[in-house]
Amino acid sequence: MTQLATALKAPVIGGRRIVRGDRITRTVLLVLLMLFAIVPLLSMFTAALAPQGSNPPGLSWPAHPHWGNFADAWTAANLLALFRSSVLIVLGVVPATVAMATAAGYGLAQLRVPGGKIIYGLLLAGLTIPYESLITPLYYDIQSLGLLGSRLAVVLPLIGLLMPFGVFWMRAHFVNAETALTEAGQLDGASTWQVFRRIHLPLAKPAISALMILFFLATWNQYLLPLVLIGDPAKRTVAGGLGAFQGQYGTNTALLCAGALLIIAPSLLVFLVFQRNFVKAILQGAIR
Amino acid sequence: MQIIRMRPGSGRRNTLSAITITAAALALTACAPGAATSSSAPASSPTAASTSVGTAPVTLNILVSTPDVPLFSALGKAFHAKYGNVTVNVTSQDFNTLVTNTPHILSGSDVPDIVRIASFGNLVTDQLLTNLDPYAAAYGWDKWPQSQFASTRVGADGKQRGAGGLYGVGPGFGLTGIYYNKALARRIGMTEPPATLAEFEQLLGKAKSAGLLPILINGEDGGTVYPLQNLQMDYAGSPQAVQTWNYDMPGADIDTSATIKAAATLQQWSKEGYFSPGVNSVDQTQAPADFASGQGVFFPSGNWQAPGLDKAGNGKFGFFLFPPLQQGGKFTAMTAADTLAVPAKAKHVAVAAAFLNFIQTDPTARNDAVLLGGIVPAGPTDAAVPPAPAGSAVSATVAAFRQLLESNGLVDFMANATASIEVNTLLPQTQLLLAGKTSPSAFAAKIQTDYESDLGT
Amino acid sequence: MSYSRTAPRSDTATGTPPAPSDPALRGVAPVGPVPGRGSSAGRLRARRVRSRQWGALLWVAPAFLCYAAFVLYPLGQSIQYSFYNWDGIGIATPAGLANWQAIFTQPELLSAITHAFELIVFYTLFPVGAGLAAASLIRELKPGPLSTISRTILFIPQVLPLVAAGVAWTWLYSPNGLVNQILRATGLGGATRAWLGDFTFALPAVGVIGVWVMLGFCTVLLLSGIGKIDPALYEAAGLDGAGRLWQFRAVTLPGLRQELVVCTTFTVVAALASFDVIQVSTQGGPGYQTMVPGVEIYRLTFLDQRIGQASALAIFLTVLVLLVVWPIQRLGRTD
């Protein structure tokens, strides 16, 4: 076979013909990028196993892995309280925001809302507002509501702050919903609510579950709001706890790395378990 | 994960609507901010001071920074042992968070009875602290050497310190000086602490030629400002100028030839390689760890590091005050009270004052301050000096403090001159200075400019 | 091969919709054109439409009210504060435009804004470029474990709190950390330094953290976009004799327009509004090298207690973000 024929027989993916040698380089490049992504975490893992108080070098498996460091970090960072607090905040934020965003997204996409364009525009503008712009007035507003220091102090603003994205996401989904189904349901005498609940809500499940995961992550990883609005470190989120932990145990590298890994673990776990649906939903939902 | 933010399409009309809405909001709230939330704190005019703790069960809430918890827990236990009806509850936040949140904690609803104050800022102007003068009279603090209270007196304008109402006291004083690694010091031929600045610089040169790290210091969070201030006071011949500046007295000016000379010397030391190349990324938790593991001959720092260093190796580390310019000159050092204040909204003011009296006078409490906190209590002249193991860093710092008290060499830190001068000005400017990126005269001028704008606003 | 799910649309030409495929809806009769029954049916329908419209507002109200209460209202307050001098507790005094002037006259504030823009290079340019490369690399793999694993692993940095990224990389950059270790191992020992304390390299070092965090997101997003490009376009370009680079420019890039817009917007906003990473790693040092508006606002509010100045800077940042994002969005409009 001539070389040309061989080349022509090579698989066509994405319009580019791949030849064997190319493929190896590409895989190597991809592996390098993956290493870049994962090695920092691996490095922290090996450091977490080093003896406390030592200065472990970057990436080296210690002679005697100190698994006990994780237990020590757990108590030192008061992780039980922090996890509990974060879960409470997530429970406060995510269901409410998802519910309201779904309703609003459906309304804006499927129903004719008076002033809908203006409302949607205002919401979209909120997507680019940096949290730092709002933190000062939020502090005083929450204080005048008497909620400062309670977890509601973070839950309520976060609902507002996450709402633009939620509405955008759900509207993007509902815009593509089958209007024919709506009309069919209405001719059958169903009210708007019934149409929504029986027809469109079940179809929206993938988008809703992806949104819940995104909101979970955004809330769990929230740092600035709890830092400012909640004085008691035990009532903040885990991200806030990590900041304080670092300030206090800065030299104890092993303990710090163990604590950081423990704090990262739930987000990682949630992501790994749901990653298939999650990534797929992003791919489907993000671009319209 | 940060949420995905996107804003497809329809730009103009919606920004216009956004602007309309916000303008409407602005118009609605046309009155000045804070008018509705004006502080209802009681006026800080002194009320009758009681020295009685009473008999009813009381919980005293103390808010400190996290590293101080062991000390204050011990002090609380000792206080409870004396007054059984008082339970002391110690809560803490990490230091930076405490500093940022203090004004709001004190003006909020759940106010502790005693709070650790790093700097007074606007706390007195906003009437958030209790004036302790009545209690000073009731407990007899006004008969003690008064220089120990200078740094916690705030004037009527809320800014000037050094004179005025007493708003804070502390279990003891932080004190700065220079630790030295005894073994490494012997190697460079140092038999006793240097008596003059010139001797010290000679030792630095010897350390450098011996291949050792002459000065180990935390450049990331302000350790380098200590030798700067020490040098400044040496060249000025007296701490008066700095003290006036620290206390925000009118006409205070730090842009002097002494400051410029100090900056030049510090920069010279950096050029000679007396600091480590990575000095700007060493912070105050890493520096003592590095020093304890044998890096560096000299470690300018404070007595609060002493317990930790003694734990790492008792007898291995010594301490001396920064040497004066001339032989036999006055020793000076920066000291600061580990200030505790009583919020104006505290529930148990009298009990809090009793606690403050206790920690300054009770022998057990004074011992705890030295051994757990590494700070030296002042108090009355006849109070016992807590003992510490001979040859330990702690005992060296205690001895140094007595020396200072006698020579009246207590000076406050430049970093405490205004609430933000350290983080915004002194720290970055000193880093620039050490890196050779600013000149000594520009350095001094910039510090004075920022100081004036901090006070003016 | 396409990742997008297209909903079946009713064929308006024939006037009949396709039968619903969802089994739950099988019982619903297909809709045909409504036979004209005169004006009464029309009026009935019109009235139902109108009442439906105002009822529709109820669907949107809760979401919008929450948003207005906790975002729009504080934004307005921020604008108000920026015209006063206020320490947050005492009395506020009017300051006119002084706080706004200071943004342009104080060198520290100006340099903070410059640094934020410099960070865009790291948060946006590198991740988008490397993301394009990674996406095309993954795309060329046969769908299977390697492509899923690579997608997942690359995305992991996005999932972590930014604070954790800051903590992790602060340790990696320490004198004995992994970065210096790798440099020594590859013979570049002379390049080792305390990265986050170095005047020249502190900001790029922080930028690399941004690359790490953003890379996976851009990769996954661009991957979806590449998947949507019709392979026939490539065939056509190939038949026309176009080389790989030309194909990339003529087919891939235009096809990726939407995804590139989202990627760019997201990363630019992250760069300009950055706070977590820098607060945890360098706090703005050494000197003023890594100071960014986010950290400056935090400091002005809580350390200096200069609420007016903080608010002015915050509103300025918001406007800046909008100004930068708007042209990007316009580029993405397919009109």
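**Exercise 1. Work out how strand β9 of chain B is paired and covered.**

Start with the antiparallel side: strand β6 (residues 173-181) of chain B is joined to β9(B) by three bridges. Strands here are DSSP E runs of at least two residues and helices are H or I runs of at least four, numbered from the N terminus; two strands pair if DSSP finds at least two bridges between them. Quick housekeeping: this is a predicted model, where local features need pLDDT of at least 70, side-chain atom pairs count only at pLDDT 80 or more, and totals for chains, interfaces and linings use all residues. Residues are numbered from 1 along each chain as its sequence is written, with chains lettered from A and ligands numbered from 1 in the order in which they are written.

Next, pick out one pair on that side: Gly174(B) has Ala336(B) as its bridge partner. Now turn to strand β11 (residues 410-411) of chain B, which pairs with β9(B) in the parallel sense over two bridges. There, Ala333(B) is partnered by Leu410(B).

Finally, check the cover. A residue is buried with 20 or more other C-beta atoms within 10 Å of its own, exposed with 12 or fewer, and partly exposed in between, the C-beta atoms being placed from the backbone. By that count, five of the five residues of β9(B) (333-337) are buried. One side carries Ala333(B), Thr335(B) and Ala337(B), the other Met334(B) and Ala336(B), so to speak a strand covered on both faces.

**Exercise 2. Place Leu325(B) and describe its surroundings.**

Leu325(B) sits in the loop between β8 (317-320) and β9 of chain B. Is Leu325(B) partly exposed or buried? It has 15 C-beta neighbours inside 10 Å, so it counts as partly exposed.

Now list its contacts, meaning C-beta atoms, placed from the backbone, within 7 Å. Beyond four places in sequence, Leu325(B) touches Thr196(B), Leu197(B), Asp234(B) and Tyr235(B). Asn230(B) is 95 residues away from Leu325(B) in sequence, yet their C-alpha atoms are 10 Å apart in space.

**Exercise 3. Describe how the two domains of chain B meet.**

Take the bounds from an automatic or database domain assignment: domain 1 is 58-168 + 339-374 and domain 2 is 175-335 + 411-456. Their C-alpha centres lie 29 Å apart. Eleven residues of domain 1 of chain B are in contact with twelve of domain 2 of chain B. The domain 1 side has two nonpolar, seven polar and two charged residues. For these classes, Ala, Val, Leu, Ile, Met, Phe, Trp, Tyr, Cys and Pro count as nonpolar, Asp, Glu, Lys and Arg as charged, and the others, Gly among them, as polar.

**Exercise 4. Check helix α10 of chain C, then the confidence of the chain.**

The expected span is 1.5 Å times one less than the number of residues. For the 16 residues of α10(C) (257-272) that gives 22 Å, and the end C-alpha atoms are 22 Å apart, so the two agree. As for cover, 15 of the 16 residues of α10(C) are buried.

Zoom out: chain C has 13 helices and two strands, and 52% of its 335 residues count as buried. Its mean pLDDT (the predictor's confidence in each residue, from 0 to 100) is 80, with 83% of residues at 70 or more. Treat residues 1-37 of chain C separately, as pLDDT stays under 50 there.
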